[in-house]
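These are my notebook entries on a structure I had not met before, kept in the order in which I looked things up.

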Amino acid sequence: MSAPLSAPAKIADCLDPEHEVRTARDTPLFSGLPGDIAVSFEFFPPKSEKMEEKLWEAVQQLAPLSPEFVSVTYGAGGSTRERTHNTVTRLIREAGIPAAAHLTCVDASRAETQKIAEAYWEAGVRHIVALRGDAGEPGAPFIPHADGYANAAELVRGLKEVADFEISVAAYPETHPDADCPQADLDNLKRKIDAGASRGISQFFFAPETFFNFTEKCRAAGIDAPMVPGILPVTNVAQARKFAGQCGAVIPDWMDGLFEGLDERPGARQLVAATIAAELCRRLYAGGVRQFHFYTLNRAELAYAICHLLGRRPLEKSA
């Protein structure tokens, strides 16, 4: 594999009209890709039997792509803690997929959090996505538990005391809403990495230069752990705007125009969503990115289609 382009070259390629003309004329955008990417998928724990069936259908569809891992979220305020545990352990037991559990600082003492981590380790979980977490109500400030971890960096350090977990943490290319400034947000990310995290998984974004600028700033700040782009295929712009408000992401105005008139056409919405997300991934790939984390919303089709366009195919099982 050739060496990744430098960040300035990546951004220039994305913005240079002549480059785009050459790309359009010379080679189909997705032709000949070797599938040399690593992928991971995020699910949320089911709230009902019907939702559990939908989740497992998605898992079965995506499992043949041999993901590096799949992760299972926590609800706001730690509201799905038990369902998260059950889903993760079932993924390991029945699907045979490396599974990562989300764990937050919300509404739990250090002792309680460590007990949860110990239970995960005993169940075979070796990977934790460590997050500060949100209070549960939109706009409500995060208030640490009196005896709990105050932030994700403390949580990472505490988890490492429990066992040698692989730990992923959140990264914010467009700055977390609670951060005083972009530099403060980068400083916080560095504290999480220095505490023992293996990688950052970014919140979603919609412009490749957003991610390239972010990784360049990470390098300048002395953050050398991998940063994996989080990809959200959008089929519902209103829902995406709600998510974006919680994590500081920007929804571009042009996206509204692309989905206009498609409220009653779910199939067309799916095609548009796949096109937007696949183009973003292809531009990231052109800039040297080889790892992608997909926020699936428990739907497999879009993530599978994008992986397919990027050359990722089910691995053949040996006889």
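**Entry 1: the second largest cavity.** I began with helix H11 (residues 266-286), which gives four residues to the lining of the second largest cavity, the largest share of that lining. I keep in mind throughout that this is a predicted model. The space in this cavity comes to about 40 Å³. I listed its lining as Phe-206, Leu-232, Pro-233, Val-234, Met-255, Ala-273, Ile-276, Ala-277 and Leu-280. When I sorted these lining residues by kind, I found nine nonpolar, no polar and no charged.

**Entry 2: the largest cavity.** I then asked how many cavities of 30 Å³ or more the model holds, and the count came to three. The largest of them has a volume of about 70 Å³, and I noted its lining as Pro-233, Gln-270, Tyr-295, Thr-296, Arg-299, Glu-301, Leu-302 and Ala-303. Helix H12 (residues 301-309) supplies three residues here, the largest share of the lining. The lining of this cavity divides into four nonpolar, two polar and two charged residues. Pro-233 is a name I wrote down for the largest cavity and also for the second largest cavity.

**Entry 3: the barrel.** Which strands make up the closed barrel, and in what order do they run? I traced eight strands in the order S1-S2-S3-S4-S5-S6-S7-S8, and their pairing is parallel. From one strand to the next, the twist averages 30°.

**Entry 4: strand S1.** I looked next at how far strand S1 is shut in, and found that six of its six residues are buried, so S1 is largely enclosed by the rest of the structure. I also recalled that in a regular strand the side chains alternate between the two faces of the sheet. In S1, Ala-38, Ser-40 and Glu-42 point one way, while Val-39, Phe-41 and Phe-43 point the other way, and all of them are buried. I then followed the pairing of S1 on both sides. With S8 it pairs in the parallel sense over five bridges, and there the bridge partner of Ala-38 is Gln-291. With S2 the pairing of S1 (residues 38-43) is also parallel, over four bridges; Phe-41 stands opposite Val-70, and Phe-43 stands opposite Val-72.

**Entry 5: strand S2 and its links.** Between S1 and S2 I placed helix H3 (residues 49-62), and the three elements make a right-handed β-α-β unit. In S2 (residues 69-72), I saw Phe-69 and Ser-71 pointing one way and Val-70 and Val-72 the other, all of them buried. On to S3 (residues 99-104), S2 pairs in the parallel sense over three bridges, and Ser-71 has Ala-100 as its bridge partner in S3.

**Entry 6: further round the barrel.** I checked one more pair of neighbours, strand S5 (residues 166-171) and strand S6 (residues 199-204), which run parallel and are joined by four bridges. In this pair Val-169 stands opposite Gly-200 of S6.

**Entry 7: two residues set against each other.** Is Ala-101 buried or exposed? Ala-101 has its place in strand S3, and because the cut-off for buried is under 20% relative accessible area, its 0% relative accessibility counts as buried. Its C-alpha atom is separated by 5.0 Å from that of Ile-128, although the two residues are 27 apart along the chain. I then turned to Gly-245, which I found in helix H9 (residues 237-247). Its relative accessible area is 56%, and since exposed means over 50%, Gly-245 is exposed. The C-alpha atoms of Gly-245 and Pro-177 are separated by 8.0 Å, with their positions 68 residues apart along the chain.

**Entry 8: positive phi in the loops.** I finished with backbone angles. Asp-107 is not a glycine, yet it has a positive phi of about 55°; I located it in the loop between S3 and helix H5 (110-122), where at 57% relative accessibility it counts as exposed. Leu-297, which is not a glycine either, has a positive phi of about 55°, and I found Leu-297 in the loop between strand S8 (291-295) and H12.

Key. Residues numbered from 1 in each chain as written. Predicted model: local features only at pLDDT ≥ 70, side-chain atom pairs only at ≥ 80, totals over all residues. Heavy atoms only, no water. Buried < 20%, exposed > 50% of the residue type's maximum accessible area, 1.4 Å probe, protein only. Helix = DSSP H or I, 4+ residues; strand = E, 2+ residues; numbered from the N terminus. Pairing = 2+ DSSP bridges. Right-handed = clockwise from strand over helix to strand, strands pointing away. 1 Å grid on protein atoms, 1.4 Å probe; cavity = no way out; pocket = protein on both sides within 12 Å on 5 of 7 lines; lining within 4 Å. Points joined across faces, edges and corners; volume = space filled by probe spheres on them. Nonpolar A, V, L, I, M, F, W, Y, C, P; charged D, E, K, R; others polar. Axes fitted to C-alpha atoms, helices over the stretch in contact; angles between N-to-C directions.
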